[in-house]
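User: Hey, I'm new to this one. Can you walk me through it?
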Amino acid sequence: MSLLSRLFNKKIEEPKGEIPPEVLPLRNDPCWCGSGMKYKKCHQEEDRQFLARKRERDIEAQKACSPVFG
Ligand SMILES: [Zn+2]
């Protein structure tokens, strides 16, 4: 039971609904999150930071995967 609930908790920890869609709205279009605000007033900056972090992670992952030659 405790193991099961631990697995369950792990699942809940994953962020949900905070990941921007693959195709982002234009600056003056309504935000994808459904707030009704313009994208530039809502998630644009957050998305930019999210994507920047994602890119950094991807680069780190590539570095980790590629073999190192002196
Ligand atoms: Zn938003």
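Analyst: Sure, let's start with helix 2, which is hardly covered: the count of buried residues among its 22 residues is one. Keep in mind that this is a predicted model.

User: Okay, and where does helix 2 sit, and what is its reach from first C-alpha to last?
Analyst: Helix 2 covers residues 44-65 and reaches 31 Å from its first C-alpha to its last. That's close to the 32 Å expected at 1.5 Å a residue.

User: How many helices and strands does the protein chain have?
Analyst: Two helices and zero strands.

User: And what share of the protein chain counts as buried?
Analyst: Just 3% of its 70 residues.

User: Let's pick a residue. Where is F50 found?
Analyst: F50 is in helix 2.

User: Why does F50 count as partly exposed?
Analyst: Because F50 has 14 other C-beta atoms within 10 Å, and a residue is buried at 20 or more and exposed at 12 or fewer.

User: How far apart are F50 and I19?
Analyst: In sequence they're 31 residues apart, while in space their C-alpha atoms are 8.1 Å apart.

User: Switching topic: where does Y39 lie?
Analyst: Y39 is in the loop between helix 1 (2-13) and helix 2.

User: Which residues does Y39 touch?
Analyst: Leaving out residues up to four places away in sequence, Y39 touches P25, L26, R27, D29, P30, C31 and Q44. Take R27: Y39 and R27 are 12 residues apart in sequence, and 5.2 Å apart C-alpha to C-alpha.

User: Why isn't Y39 buried, then?
Analyst: Y39 has 19 other C-beta atoms within 10 Å, and buried takes 20 or more, so Y39 is partly exposed.

Key
Residues are numbered from 1 along each chain as its sequence is written. This is a predicted model: local features need pLDDT of at least 70, side-chain atom pairs count only at pLDDT 80 or more; totals for chains, interfaces and linings use all residues. Helices (H or I, at least four residues) and strands (E, at least two) are DSSP runs, numbered from the N terminus. The expected span of a helix is 1.5 Å times one less than its number of residues. Two residues are in contact if their C-beta atoms, placed from the backbone, lie within 7 Å.
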